[in-house]
Amino acid sequence: MDISLFQLVIICATIAVVLGFGIRAARSVHSTKGFSVGGRSAGVPLVAGGIAGTCVGGGATVGTAQLAATAGLSAWWFTIGSGVGLIIMGLFYAKPLRRTALETIPQFLAQNFGLTCGVFSSIVSSIGILFSAVASCLPAIYIIAAIFGISFLPATILLVLAVAAYAFFGGMKSAGVGGILKMIVIWITMAIAGGMAAHSLFADQAIAAALPAGAFNLLHGDTGHILANFSSVVIGMLCTQSYIQAIFSASNPRTASVAAFTAALISLPVGLPCAMVGIYMGAAHPEVTPILSLPTYLLTEQPSLLGGIAMGGIMLSLIGSIAGLSLGIGTMLSRDIFHRARVTLRARKIHKIAEDPESQEIDITEIPTVNHPYHLSELSVTRLIVLLTIALAAFIAMVNEGSQVLFWNYLSMALRSGGIFLPLSFAIFAPGTITNTSATLSMVLSTAAALLAVFLGAAGNPLFFGLAISALCLVPCWLRHR
């Protein structure tokens, strides 16, 4: 990919400005709660920016253009599904979840179904979200390697450093501020680029003649497969810690609901101009690798300034998505695994002292209390987990060169939704109707079913295998309660 020095400077400057604002916002973060949920003081712009900044990543931009280059406008279904999922979240889920004043979905599930259920959901959700981060790492590594003319390994290292600068210091506050700025950049630049691509498609007869049949048909191809993937995105949006975490950061339930609607209005249209660019590149430049359709168009067929800013925005969408998803994993593992283990250890020490007050083996002053300055240590652990998650996602992407971006997105949605969607929904809308055993069994069996469907190559979306098993475990229990 040819790139001028001027374009490279513009790309780096765009990224640096947004990262600078994010790092500036991090100066007010001094505790775990400030890092994970922004101190629960965020207004609509910050919450919506955090949600949209995470969900508009590799799948919504580069992945949509990649798929559109071969499948046409039906590639838009990914961001349509994201928008519909956020609308449903704003209508039914945001207010009840924000009223709990918790930090993670597993905390909510543990509160309703017991500790085992909460810990298991934390681990499964983390694995599913990790695959979604891989989906943004893939195009980011390709683009960095192409822009700088380097191999995948140094490109991966540069990506990890950029993502760490985005989220490592400020957590949710940095993600919110960065999300607002990057969405402004993407909206303006992609609207222009998509409009120019659409004009070329209809104005140039040679390109129009090269278009495949059904290029502008939203339901072109296997309709059942398209709708299944759409459903998996909608359900996945409702079960992902990274999006719900932004909801938890809202100042009140109403703000959380309005922010979800705002994020839907921001994210839903983004896929259309990306799809138009992909369709154009597939017809006009079939020799270009599909995953590079969008960056190639921006850098070769747009004015240098506009293309450079747009590419900076695309890179920020990838960086922000990886950062937001990694932040969700870090919060869950830190709060639901590390923090719980610390509390359990402290309780055991206190119990041992109560049984043997004269024991010389334990110094009671070493046992952390509520006022003990332990929050800094927990904050450090959260940051470390976030950093390790970023590195792991980048490594998986690097060793899976050439895979389809949206494959990882849909796989992620299936794994993190099949076992969690129904228990979460029952806990919100029908509390007390499901037993702890049924909920835990549902999560374990539905996750196993989704994984088997993936690895055995079963026909159909793995999400629905998981949901079917989950329903078989939960619905009879709900009916018995009624």
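This short talk covers one helix, one surface patch and one pocket. Please keep in mind that the model shown above is a predicted one.

I begin with helix H12, which runs over residues 241-248. This helix is mostly covered, as eight of its eight residues are buried. In order along the chain, they are Gln241, Ser242, Tyr243, Ile244, Gln245, Ala246, Ile247 and Phe248.

I turn next to the surface. Phe148, Leu153, Ile157, Leu158 and Leu161 together make a nonpolar patch of about 480 Å². Which helix gives the most to the nonpolar patch? That is helix H8, residues 152-167, with four residues. On the spacing of such residues, a general point is useful: an α-helix has 3.6 residues a turn, so residues three or four places apart point the same way.

Leu158, found in helix H8, deserves a closer look. Is Leu158 buried, partly exposed or exposed? Its relative accessibility is 40%. Since buried requires a value under 20% and exposed a value over 50%, Leu158 therefore counts as partly exposed.

Finally, I come to the second largest pocket, whose volume is about 250 Å³. It is lined by 14 residues, and those closest to its centre are Cys12, Ile15, Phe148, Ala162 and Met315. Phe148 thus appears in this lining as well as in the surface patch. Two or more lining residues come from each of helix H1 (5-25), helix H7 (115-148), H8 and helix H16 (304-355). H1 gives the most, with six residues. As to character, the lining holds 14 nonpolar residues, no polar and no charged ones.

Key. Residues are numbered from 1 along each chain as its sequence is written. This is a predicted model: local features need pLDDT of at least 70, side-chain atom pairs count only at pLDDT 80 or more; totals for chains, interfaces and linings use all residues. Side-chain values use heavy atoms; hydrogens and water are left out. Buried means under 20% relative accessible area, exposed over 50%, partly exposed in between (1.4 Å probe, protein chains only). Patches are made of residues with over 30% relative accessible area and no salt bridge: like charges are joined within 9 Å, nonpolar side chains (Val, Leu, Ile, Met, Phe, Trp, Tyr) within 5 Å. Accessible areas come from the Shrake-Rupley method with a 1.4 Å probe; for residues, only the protein chains shown count as cover. A salt bridge is a side-chain nitrogen of Lys or Arg within 4 Å of a carboxyl oxygen of Asp or Glu. On a 1 Å grid over the protein atoms alone, a cavity is a set of points where a 1.4 Å probe fits but cannot get out, and a pocket is an open set with protein on both sides within 12 Å along at least five of seven lines; lining residues have an atom within 4 Å of a point. Grid points are joined across faces, edges and corners, and a volume is the space filled by probe spheres set on the points. Ala, Val, Leu, Ile, Met, Phe, Trp, Tyr, Cys and Pro count as nonpolar, Asp, Glu, Lys and Arg as charged, and the others, Gly among them, as polar.
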